[in-house]
Every structure is written in structure tokens, then in C-alpha cells.
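Here are a few exercises to work through with the model open beside you. Try each task before reading its solution.

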Amino acid sequence: MTGFSILIGGKAGFGIDKSGFIIGRILNQLGYRVYIYRDYPSLIRGGHTFSIIRASSERIAVHEDKVDYILALNQDCINLHKKRIKPSSIIIYDSDIVKLEDGPEGVRQSGVSIAAIIKEENASEIMRNTCVIGAFCKASGIKQDILETVLKKEIPREVDLNLKVAFRGFDAVKELGKIEPLSQNPLPLLSGSQAMGLGLIKGGLNTYIAYPMTPSSPLLHFLAEKAQDYNLEVIHPESEISVMLMALGFAYAGKKVAVGTSGGGFCLMTEGLSLAGMSETPIVIMLGQRPGPSTGLPTYTSQTELHFALNAGQGEFSRFVVAPGDAEEAYYWSGVALNMSWKYQLPSFILADKTLAEGIYNFDLAAAGEIKEGNTVLWDRTTPYKRYANSENGVSPLAFVPDKEAIIKLNSYEHDEYGITTEEPQTTKFMQEKRLRKEEYLAKELEAIKTVNVYGEKNSSLVLLCWGSNKGVCIEAAMKLKAKVIQPLVLWPFPLKQFEEALSGVKKLVCVENNATGQLARLIKNYGFSVDKKILKYDGRPFSLDELDEALKGI
Amino acid sequence: MDENKLNTYAQNTWCPGCGNFAILNAIKLALNELTQEGLPFENIVLVSGIGCHAKIVDYINTNSFYSIHGRVVPAAEGIKLANPALKVIGFAGDGDAYGEGMEHLIFSAKRNIDITMIIHNNRVYGLTTGQYTPTSPLGFRGRSTPQGTKELPINPLELMLASGATYLARGTSHGMELLKNIFKAAILHKGFALVDVLQVCVTYYNLYQYYDKKVYELQRHNPLDYQSALAKIREWDYNSDSQIALGTFYTKEAPTFEERASIKEPRSIDREAKIKESLQY
């Protein structure tokens with residue numbers, strides 16, 4: 001496995017995200033597989049924002065601490081990232097703004113008078129990015145025509161001026177290193193949010209409703225932007241309470257709907273979630289985790305809402321919780337979540353986090369798995385319609401308003417089969433069992449799907465246990481240790497059988513989680529499994545590969 | 001349509017003499033007339049919240065969504081936006097609409113979504129056994145305020161007018177004919193309509209005699225004129241002892257949210273091909 005990393009950093013609001021993406025695209029064109037980690041503070045302009053673009057010959061889903069190139073557009077980019085510099089690193093910086101002392105022995109650095117170039121070309125400040133990208137290409141031996149091709153595709157406005165500025169950057173430095181092209185075809189680059197959006201679209205999504213909240217907003221923005229292309233309704237109402245209730249209104253009228261939020265917004269949705277459980281209304285919730293409690297660290301990452309998702313809402317009702325670990329899983333399982341919601345008429349969760357929602361991955365549609373639509377049980381019109389008609393698996397056939405032959409009564413109260421309120425004990429018990437039975441049948445259906453992933457040395461007695469976005473880092477760390485990785489994709493109904501099978505032969509079970517208490521460890525304890533060690537990170541940042549390697553030393 | 005067809009087998013559990021009966025009977029009459037005049041019966045969807053009022057959906061044999069406390073409006077909005085051909089009528093109590101769910105009411109009026117809200121405003125919490133609500137008068141002695149409330153009521157119609165509602169009316173639980181006519185007008189109105197019904201709770205706040213003395217029907221009032229509507233709405237602030245006007249205060253033609261959003265039937269799109277196309281580079 002060959003690879004390297006590039007860090008680009010500057011002030012927030014000056015196009016660092018887009019630049020990271022463009023660099024990713026360039027490396028993609030050279031045959032590399034790419035993962036981009038994005039780090040930004042909760043402010044609109046100023047501060048320090050950076051992206052680490054990691055390239056490799058193999059598929060990857062984690063960044064490394066040490067970087068091979070630093071592209072510095074402000075002083076912070078040097079001051080805050082000194083520890084990332086290796087003797088072989090190359091630093092390209094705006095010499096009009098950044099003051100650079102001599103780095104460690106061997107570090108090659110090249111200043112470009114970017115501010116002056118911008119002024120001379122009468123270009124806007126955001127084009128400083130294009131200039132430094134041009135300089136990076138030359139310094140790393142990337143041909144000018146690749147730079148040109150990618151910029152033409154990625155820059156929406158003032159392409160000619162951007163190219164001019166980029167070429168001036170290109171001409172301003174010498175070749176300092178050489179990124180060798182690989183013989184692999186490029187793969188598309190998608191954020192986890194875009195992958196979730198496409199999965200929902202493929203699964204038949206009609207409507208997306210959300211109130212903005214990091215890190216769920218990128219999904220809202222993506223679907224709003226694509227609404228015309230895919231004929232979607234995208235609505236942003238007054239609060240998350242309204243989001244959830246509106247969504248249930250849409251589902252009542254037969255529209256496949258999803259909502260998205262983060263922990264704080266999800267707090268407001270829980271009464272509506274419980275209503276979905278009682279009224280058996282299909283709903284998908286994308287829950288993007290970030291550090292709490294309360295406001296926490298709005299623009300950073302965590303895995304702290306597993307038990308919240310499992311237990312949210314008053315009363316006991318069926319639910320489905322999936323935790324995808326990369327873009328392909330985000331695509332596939334979002335589609336599955338939507339379909340299972342409609343098949344079993346229950347709430348489904350896509351449990352994501354900032355790392356997955358905003359991380360950028362290569363995406364291979366062919367490898368993601370095919371999302372099949374259309375397993376909703378519909379009323380066959382042979383008997384008078386009852387919204388909550390009893391059945392073997394607890395699923396009542398659906399009809400939607402307006403229907404000349406059916407009166408469709410949905411109810412938050414305990415109700416009879418027709419949907420009329422009841423407080424009668426026998427009906428109460430009967431209906432409670434009907435609603436819970438759906439989850440048993442869902443669990444049975446899931447046994448036929450791969451819900452627990454196993455990677456690495458399948459016979460190893462050392463196991464790294466992870467969920468969600470820690471998949472990538474655990475796979476790479478395990479490779480070095482010749483260990484096995486177990487990643488449950490479905491967290492509820494808990495895939496006990498597949499989990500037990502995956503655990504066979506294990507002597508040492510190490511859980512790796514982005515929280516302070518070990519939430520998956522706590523979940524598996526209910527089934528009699530205990531972990532031998534917890535590696536937990538709860539500073540708002542995802543594990544880097546170096547960091548997990550270090551934590552695993554001596555295990 | 002046969003009026004009995006609107007009945008269900010649910011046993012009515014409202015107190016004898018409850019003002020909700022007037023609303024139930026008036027809405028059944030209104031729906032009956034509207035369906036006779038051409039409204040497809042299957043297009044009617046009733047939404048209710050939680051409280052005594054909410055049982056109304058159990059008592060009417062139409063499509064219904066028995067929602068939760070304070071959330072009638074967003075549920076109704078979702079149904080309407082999912083299919084603008086539907087006639088969505090929301091029922092809510094005063095605690096439900098003006099307390100817990102006020103934000104939704106304001107935004108729905110602001111959007112001018114074509115739904116009808118009928119507020120069972122008895123100015124007391126009934127089902128939770130007698131506490132003050134947002135429209136109880138100053139000093140109201142309820143079970144949570146035995147020494148009397150220390151806050152003035154809100155005037156919901158004034159708030160709704162300011163928020164952009166395009167149909168506003170008031171009725172009482174005495175006066176079925178007026179109530180039925182207001183309901184019909186509100187349902188037929190294109191845009192956000194709210195009817196505040198001074199519905200009497202016989203058990204916790206019996207205002208039948210008081211209202212009978214105070215109410216009068218609006219005469220020679222121009223509901224198209226905003227300033228006249230505002231003046232009439234301000235005549236009684238839900239606290240003073242003044243006369244209480246009934247009837248339509250305000251009505252206005254304005255584009256609805258769903259018209260502006262041009263919500264249409266889904267076109268068929270080859271999503272798989274479009275996704276693949278979007279992934280080309």
C-alpha cells in the first residue's frame with residue numbers, strides 16, 4: 001500500500017473545503033483512492049479550517065496525523081500543524097502572508113507570492129486556493145493538463161481567470177517531489193451525506209424534511225439542490241417538532257419521507273417518534289451525531305447517541321437502527337432503512353456522525369449493493385379496510401388518502417383495528433403485541449442479509465470491535481496487527497446470531513468508539529458479551545490511523 | 001349523503017351539556033352539505049390533538065389523524081402538502097393550539113397553507129381537570145393557580161391576523177346555524193383559516209350564560225378590510241367585559257404555500273439512470 005497526505009488550511013469562509021475536494025479529484029485522476037477529513041470551527045469567517053486529503057493505492061476511510069504536503073494559506077496553518085511535519089514533508093505557503101522559520105532537517109519549503117499574484121491578476125481572494133493548488137501540482141510533479149481538466153470541471157465561475165491564477169502558481173515553484181500516477185481508473189468522490197441522499201433517492205424517497213443542524217445540514221442541502229432532478233419535495237419548517245409531525249403527515253398520505261437532525265434536534269423529535277411507533281407510520285431519521293451534552297462541539301464528531309436512538313420516545317415500540325461506516329454502506333443502508341420502514345411501518349434510523357456525514361470517500365456504486373424498492377404491504381380491497389388489521393407478522397396493509405373505498409384512521413391513542421380509541425385491557429394488550437411482533441419478523445428477515453461485517457485476519461483471536469465511521473481506521477490498524485475487525489451494521493434489532501458467529505475464536509475483544517463510556521460495549525453486555533479493553537476517544541475528533549496504532553501498542 | 005353515515009360506533013364520552021357537541025353537530029352538517037355540493041368525501045381528512053376536543057375524530061366516520069398535544073398544525077400541513085387536493089381540517093383545544101403548539105399556528109398562518117383550524121376554545125384545561133389556559137382571564141382560579149393567574153390572556157385572533165392568516169372567524173357553542181356557516185366558509189376558503197369557537201366546558205368553566213349576554217353577530221362589517229377586521233378583533237381582548245363579536249372578521253385572497261411551491265403529482269423519473277449519470281466524471 002503506497003500513499004501520502006496533503007493538508008490544506010486557511011481561514012474559514014475562503015474555500016478550503018472546495019480546494020480539498022479539487023485536490024482529491026486531481027489525485028483521483030492519477031489513479032489514487034482518496035479520503036478527505038474536514039476540520040472546521042463553528043464560525044462563518046476567520047478561525048482556522050483545514051482538510052487532510054489522504055491518497056492511497058487501496059481504498060481507505062481514515063486520515064493520518066503526519067502529512068507529506070502542507071499548503072498554507074495562513075499562519076495558523078503552520079503554527080497549529082507543526083507536529084504533522086515529517087523530515088520528508090514539502091511546505092508550500094503564501095509568502096506574502098505566512099512567515100516561515102526553517103523547518104526540521106530535510107523539510108523542503110517553497111513560498112509563493114500568492115497575495116501579489118491575486119492582486120496583479122485582479123482576482124478575488126478565494127482564488128488564492130487555485131493558486132496554491134497550481135503550485136502544489138508543480139511541486140509534486142503533477143502535469144499541468146490534469147490540473148486544467150479538473151479545474152475546468154470543478155470551478156463553476158470565472159474558469160479562465162482561475163486557470164490563469166493556477167498556472168501562475170504552477171510556474172512559481174520548482175518540482176520538489178514526484179507523485180507517481182497509478183494504473184487505476186478514477187472513482188467518484190462523495191461525502192457520506194451525498195451517499196445517504198442517493199441511497200434514499202434510490203429507495204424511493206419522495207420528501208425530505210429537516211431543520212438545519214450540523215452535521216445533518218449537508219444532507220438537507222444536497223437533497224434541496226437535487227430536488228428538481230429527482231422530483232423531491234424538500235421542506236425546512238419552523239422546528240424539529242414540526243419536521244417530525246409534518247413528515248408523519250406526508251407518510252399518512254403515502255409519501256416516502258425522511259428527516260435529518262443531530263442530537264439536540266432529535267430531542268425535539270422524540271414525541272413525534274413515539275407517535276410514529278404508536279400510529280405505525282413509516283419514517284426514516286438520519287441522526288448525525290456530534291459531541292454533547294447540549295450544544296457540545298457543533299462542528300465536530302462523536303458516537304454518543306446510540307442508546308438515545310435505541311431508547312428514544314415514550315413507550316415500547318419496534319424500530320430499526322443501522323450504522324453505516326463509509327459512503328457505500330451509507331448509500332445501501334439508507335435505501336434499506338427506507339424500505340424496511342415501509343415494509344414494517346416503523347421508524348428507521350440511519351445513525352451517522354460528523355465524520356461520515358462530512359468525510360469524503362471514493363464511491364463505487366457497483367460494490368455498494370442494489371437497493372430494491374417496493375415491498376410495502378398494500379390493502380388488497382377484498383375486505384373492508386381497517387388501518388390496524390391484525391396479521392401474522394403484525395403488519396397491517398396500507399391504504400392512502402384519498403381512497404373512495406377506505407376510511408383511514410390513524411391514532412396516537414391506543415386503538416382498535418379500525419383506529420378508534422380504546423382503553424379496553426384486552427385490545428390494549430393485543431395491539432401492543434401486534435406492534436412489537438413486527439420487530440421480531442424484521443429481525444428474522446435481517447438474518448438473511450449481512451448485518452455484521454468481518455474484516456482482517458478471520459482466524460485471529462484479537463478482535464477490534466467498532467461501529468459506524470470507525471470502520472476505516474480499525475480495518476487499517478488491524479491489518480498491521482493481523483487482527484480481526486467486527487463491525488455490526490445493524491444495531492437494532494441486534495443481530496445476535498451473526499454477531500455470535502463473528503465472535504467465534506475470540507480471546508481478546510477490544511472496542512474502539514468515539515465516546516466516553518463505550519456505548520456498543522454497553523449494548524453487547526445485554527447479550528452476555530464483555531469487552532476486554534475499551535479504546536475511547538471523546539475530544540470531538542475522529543481517530544487518526546497513527547493515534548489508533550499508538551493506542552493498540554502492547555495489546 | 002346520509003348524515004348517519006358520518007357516525008361511528010365509538011361511545012361518546014363528553015360530559016352532558018359539553019360545548020363540543022355543538023362543534024361536532026355543526027361540522028357534520030357542514031361536511032354533509034359540502035359533500036352534497038361536490039366535495040369528494042374521500043378527500044376529507046380530519047386531524048385532532050389531545051384533550052376533550054380530540055375525541056371528535058373518533059365520532060366522525062371520515063379519514064382522520066388523531067395526533068398529539070400541540071401538534072395538530074404540522075401534521076395537517078404535512079398531509080396537505082403531500083396531496084393538495086385533500087381538504088384538511090384540524091381540531092385543537094386552546095391549550096393545544098395557543099399553548100403548546102403556538103409556534104406551528106404562527107408559521108402555518110405565515111405560509112398561508114390551505115388548511116382549516118377549528119379551535120375548541122373553552123379557556124380551561126378540561127381533560128387534565130381544570131387548569132388555566134392561554135385565553136383564561138386574569139385572575140382565573142384553576143387547580144394550578146388557586147390564588148388566581150397573574151397573567152393576561154392572549155387574543156388569538158389578533159395574533160393570527162398579524163401572522164398572516166387569510167380567514168378569521170369566531171363562533172360559540174350556542175348558535176349552530178352560524179357555526180355551520182362559518183365552518184363551511186372556512187373550509188371553502190383558499191388559504192389558512194382559523195375559527196375560534198367559544199366552546200363551553202360545563203364542568204370546569206361554565207360560561208354559557210355569560211356568553212349569551214355578551215355575544216352579537218357582526219353586521220355591516222367589511223371582512224376584506226384589514227383595519228376594520230383589526231378593530232373588531234380588538235373589541236374584546238378575552239379579558240375585558242365588553243361585547244363579543246361573532247362571525248367572519250377577515251378574509252383575503254392570497255397565494256398559498258402549496259401554490260408557490262407548485263407541489264405536483266410525482267413525475268416518473270428513471271432514478272437509477274440519473275444517479276449513474278451524476279456519478280460520471
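**Exercise 1: where two domains meet**

Task: work out how many residues of domain 1 of chain A and of domain 2 of chain A are in contact.

Solution. Start with the count: 15 residues of domain 1 of chain A are in contact with nine residues of domain 2 of chain A (in contact: C-beta atoms, placed from the backbone, within 7 Å). Next, find the elements: helix H1 (16–29) and strand E2 (33–39) of chain A each give two or more residues to the domain 1 side (helices, H or I, have at least four residues and strands, E, at least two; both are DSSP runs numbered from the N terminus). E2(A) brings the largest share of that side, six residues. Then sort that side by class: eight nonpolar, three polar and four charged residues (nonpolar: Ala, Val, Leu, Ile, Met, Phe, Trp, Tyr, Cys and Pro; charged: Asp, Glu, Lys and Arg; polar: the others, Gly among them).

For bounds, domain 1 is 3–172 and domain 2 is 189–368, as given by an automatic or database domain assignment. Their centres, taken over C-alpha atoms, are separated by 33 Å.

A word on the ground rules: this is a predicted model, where local features need pLDDT of at least 70 and side-chain atom pairs count only at pLDDT 80 or more, while totals for chains, interfaces and linings use all residues. Residues are numbered from 1 along each chain as its sequence is written, and chains are lettered from A and ligands numbered from 1 in the order in which they are written.

**Exercise 2: chain A against chain B**

Task: find which element gives the largest share of the side of chain A that touches chain B.

Solution. Count again: 40 residues of chain A are in contact with 41 of chain B. H9(A) comes out with the largest share of the chain A side, nine residues. By class, that side holds 23 nonpolar, eight polar and nine charged residues. Now look for strand pairing (at least two DSSP bridges between two strands): E15(A) and strand E2 (residues 63–66) of chain B pair in the parallel sense over three bridges. There, A:Lys409 sits opposite B:Ser64.

**Exercise 3: an open sheet**

Task: say which strands stand at the edges, and why one side of each has no neighbour in the sheet.

Solution. Write down the order first: E9-E8-E10-E11-E13-E12-E19 of chain A, an open sheet of seven strands with mixed pairing. Strand E9 (233–235) and strand E19 (490–492) of chain A are at the edges; each has a single partner strand, so one side of each is left without a neighbour. Finally, step inside: E10(A) and E11(A) run parallel, joined by five bridges, with A:Ser262 opposite A:Gly288.

Key:
Two residues are in contact if their C-beta atoms, placed from the backbone, lie within 7 Å.
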